Each structure stands twice: as structure tokens, then as C-alpha cells.
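Trainee: Could you pick one part of this model and take me around it slowly, then show me how it sits in the whole? I would like one connected account.

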Amino acid sequence: MEIKQISVFFENKPGRLGEVTRVLADAGINLRAISIADTADFGILRLIVNNQEKAAAALNEAGFTTRITNVAAVEIEDEPGSLAKVMDIFKTASVNIEYLYASLEGKEGKAAVIFKLEDHDKGLRLIQENGLSMIESF
């Protein structure tokens, strides 16, 4: 199973990130995981939220450009070496990880790692074949 991620594209200038979060707050959207990447001029905010369609609609209405993509969220133990084990699985199978970010959302003693994989379907198969726990929703 996979989850939906919203990517929000915006100018890298003071207050712009605050505008995004205000739009989401006003729409009653709860953030579950968040990551930001930036360049000198633009930022890409990646979000896992409680209602992707409602969030994307609110952001688009406010003039933001958004994209919804499929990502894999894997539950790992919140202890040293857990992520390295998952990375070894992808490395052995030559699955490229475009990016990842994490959330401690979920069960105590567990962490959630959100992966954007170059070969999404192969990555999902590897996750299942190796008995990793996927997160279906936050």
C-alpha cells in the first residue's frame, strides 16, 4: 500500500511558508509529516496530511502550485541501525531513492520513513517481500 504526498512549489521569500501553513490551518488540515527543500529562488514543501484532496484544493485556490504523488511509508524501529537495514535492501536490489524524510508519528518506539523511490512498484514489492511494515495512513 502507498500513501499520497502533496508537493507545494513556492518562491523562497519571507512569509511564504507561513502562508502555506495558514491556508492549511484555515482549511482544517492536520500535518502528519513535513519536509522542505530549497534553492536560492524556490522551495518545495512535501507534506503528508490527513486529507490530501482537501489540502491540495485549498492550496490551489490560494494560488499555490501543487502535485500529489505516491510515496511509500515504512515503519521501522526507533533505534540505531533500523534505517540502515532498509537502505541495504534497496541498495542490494538497485532501487534508487530520490529522497526521504521521517516522522515519529505512530506507535511508541517506532518511526515512519517516507520514501520517494525512482522505481515505485519495484520498491513496494521489496518492502513486502522483506516483511517490512508499510503505513497506509497517518
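Mentor: Happily! Let's start where strand β2 (residues 31-38) pairs with β3 in the antiparallel sense, over seven bridges. Strands here are DSSP runs of E with at least two residues, while helices are runs of H or I with at least four, both numbered from the N terminus. Two strands count as paired if DSSP finds at least two bridges between them. Before going further, note that this is a predicted model: local features need pLDDT of at least 70, side-chain atom pairs count only at pLDDT 80 or more, and totals for chains, interfaces and linings use all residues. Residues are numbered from 1 along each chain as its sequence is written, and side-chain values use heavy atoms, with hydrogens and water left out.

Back to our strands. A hairpin of three residues leads from β2 into β3. For a landmark in this pairing, take leucine 31, whose bridge partner in β3 is valine 49. Strand β3 spans residues 42-49, and six of its eight residues are buried, so most of the strand is covered. Buried stands for under 20% relative accessible area, exposed for over 50%, and partly exposed for anything in between, with a 1.4 Å probe and protein chains only. β3 also has a partner in strand β1 (residues 3-11): these two pair in the antiparallel sense over six bridges. In that pairing, isoleucine 6 stands opposite leucine 47 of β3. When you follow the side chains by eye, keep in mind that in a regular strand they alternate between the two faces of the sheet.

Now move along the chain to strand β6 (residues 110-117). Seven of its eight residues are buried, so β6 is largely enclosed by the rest of the structure. Strand β4 (residues 65-77) pairs with β6 in the antiparallel sense over six bridges, and isoleucine 76 has alanine 111 as its bridge partner in β6. β5 is joined to β6 by six bridges too, again running antiparallel; there, leucine 100 has phenylalanine 115 as its partner in β6.

Two residues of β6 deserve a closer look. Isoleucine 114 belongs to this strand and is buried, with a relative accessible area of 0%. Leaving aside residues up to four places away in sequence, isoleucine 114 touches Gln5, Ala33, Ile48, Val71, Ala72, Ala73, Tyr99, Leu100, Tyr101 and Phe138, where a contact means heavy atoms within 4.5 Å. Glutamate 129 is 15 residues from isoleucine 114 in sequence, and their C-alpha atoms are 18 Å apart. Lysine 116, also in β6, is buried as well, with a relative accessible area of 18%. With the same sequence neighbours left out, lysine 116 touches Asn70, Val71, Ile97, Glu98 and Tyr99. The C-alpha atoms of lysine 116 and asparagine 70 are separated by 7.7 Å, although the two residues are 46 apart along the chain.

Two loop residues make a good contrast. Glycine 63 lies in the loop between α2 (52-61) and β4, and is exposed at 55% relative accessible area. Glycine 63 and phenylalanine 9 are 54 residues apart in sequence, with 10 Å between their C-alpha atoms. Serine 94 sits in the loop between α3 (82-92) and β5 (97-103) and counts as exposed, at 62% relative accessibility. Serine 94 is not a glycine, yet has a positive phi of about 60°.

Finally, step back to the whole chain. Four helices and seven strands make up its secondary structure, in the order β-α-β-β-α-β-α-β-β-α-β. Of its 138 residues, 41% count as buried. Among contacts with a separation of 6 or more, 70% link residues 24 or more positions apart. The C-alpha atoms fill a box of roughly 40 × 30 × 25 Å along the principal axes. The radius of gyration, 16 Å, agrees with the value near 14 Å for a compact globule of 138 residues; it is taken over C-alpha atoms, and the globule rule is 2.2 Å times the number of residues to the power 0.38. About 7,700 Å² is exposed, with carbon and sulfur atoms supplying 47% of it; these areas come from the Shrake-Rupley method with a 1.4 Å probe, and for residues only the protein chains shown count as cover.
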